Amino acid sequence: MTHETPLILPSLLAADWSRIGAEVGRAESAGARWLHLDVMDGAFVDNISFGPQMVRTVRGLTGMYLDVHLMIHRADHYLERFLQAGADNITIHAEARYETSVAETLRRIRAAGRHCGLALHPDTPFEAALPFIAEIDLLLVMTVVPGFGGQPFMEKETMPKLAQARDHRAAHGLSYHLEVDGGIYAHTAPVAKAHGANLFVCGTSFFGPADAGAAMAELAGSVA
Ligand code: DX5
Ligand code: ZN
């Protein structure tokens, strides 16, 4: 799969957690290949979600590619637990605190044979990714302030940065995926696609509707 392949990633944050197994199955049956898992620590972001135990649980339920988005400080301290839990990609934030560094944490993810991503808060300029850009598999351009599902897509604030990341990739012969996360619906996904995104994280827009197959068809159709 290249950075030209558009993919819809259901975000487990918006699923019904009283029936997590069925929700994972609903995403898989709808045709999802990657599942997005949002880890929040109550410090880097103003919310607490779940940790490695949930990643491990989901790993036991599905063969889908698990895209783990760490919205936490000290991701390096917790890294081994997420690797052990079976994450396929681990994305860390450029703005978070580390015991070592962003570079060292990315290096360890790669050394474990997994994919690594770097996430940028809406306020963080593209330039913050430059020191790491040749080493990452994925750049996540947050399209809402991280912490909560159901927020509106920040088009004006984030689309220029996404286009900048796309142009940089082309100019330097790089191949990182461009992921958008937050407020992605069938009317916003094409806007993000037009600015370079190929990975579309969908929480409310995927798990909200009762018919996941129809939701997937609409979302995937909007970026086909
Ligand atoms: C926000 C999370 C998102 C969230 C998106 O902090 O990173 O992945 O689940 O939710 P929606 O799609 O509802 O905006
Ligand atoms: Zn996320």
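In the predicted model, threonine 105 has a relative accessible area of 0% and is therefore classed as buried, the cut-off for that class being under 20%. This residue is placed in helix α4, which spans residues 102-111, and a polar atom of the threonine 105 side chain lies 2.7 Å from the backbone oxygen of serine 101.

Burial also applies to two cysteines. Cysteine 116, at 0% relative accessibility, counts as buried, and cysteine 202 is likewise buried, its relative accessible area being 0%. With regard to covalent cross-links between cysteines, a search of the whole structure returns zero disulfides.

The zinc ion (ligand 2) is coordinated on the protein side by His36 through NE2, by Asp38 through OD, by His69 through ND1 and by Asp181 through OD, with these donors lying 2.0 to 2.3 Å from the ion. Along the chain, the donors of the zinc ion follow the spacing H-x1-D-x30-H-x111-D. Of the two aspartates in this set, aspartate 38 belongs to strand β2 (residues 34-40) and aspartate 181 to strand β7 (residues 177-181), so that the pair ties together parts that are 143 residues apart in sequence. Both aspartate 38 and aspartate 181 are buried. As to geometry, six donor atoms surround the zinc ion and subtend angles of 65 to 165 degrees, and the arrangement is irregular because of these angles. An octahedral assignment for six donors would require opposite donors to be over 155 degrees apart and all others to lie between 65 and 115 degrees.

The surroundings of ligand 1 share residues with the zinc site. Ligand 1 is surrounded by 20 residues, of which the closest are Asp38, Gly147, Asp181, Gly183 and Thr204; Asp38 and Asp181 also appear among the protein donors of the zinc ion. Several polar contacts to oxygen atoms of ligand 1 can be described. A polar side-chain atom of aspartate 181 lies 2.5 Å from an oxygen atom of the ligand, while a polar backbone atom of glycine 183 is found 2.8 Å from an oxygen atom of ligand 1. For histidine 69, which supplies ND1 to the zinc ion, an N or O atom in the side chain is 3.4 Å from an oxygen atom of ligand 1. The protein covers 100% of the accessible area of 380 Å² that ligand 1 has on its own.

Notes: Residues numbered from 1 in each chain as written. Chains lettered and ligands numbered in written order. Predicted model: local features only at pLDDT ≥ 70, side-chain atom pairs only at ≥ 80, totals over all residues. Heavy atoms only, no water. Donors = N, O, S within 2.8 Å, 3.2 Å for Na, K, Ca; no water. Tetrahedral: all angles 85-135°; square planar, octahedral: opposite > 155°, others 65-115°. Helix = DSSP H or I, 4+ residues; strand = E, 2+ residues; numbered from the N terminus. Buried < 20%, exposed > 50% of the residue type's maximum accessible area, 1.4 Å probe, protein only. Near = heavy atom within 4 Å. Polar contact = N/O pair within 3.5 Å; in protein donor to acceptor, adjacent residues only side chain to side chain. Areas by Shrake-Rupley, 256 points an atom, 1.4 Å probe, with all protein chains shown as cover. Disulfide = S-S within 2.5 Å.
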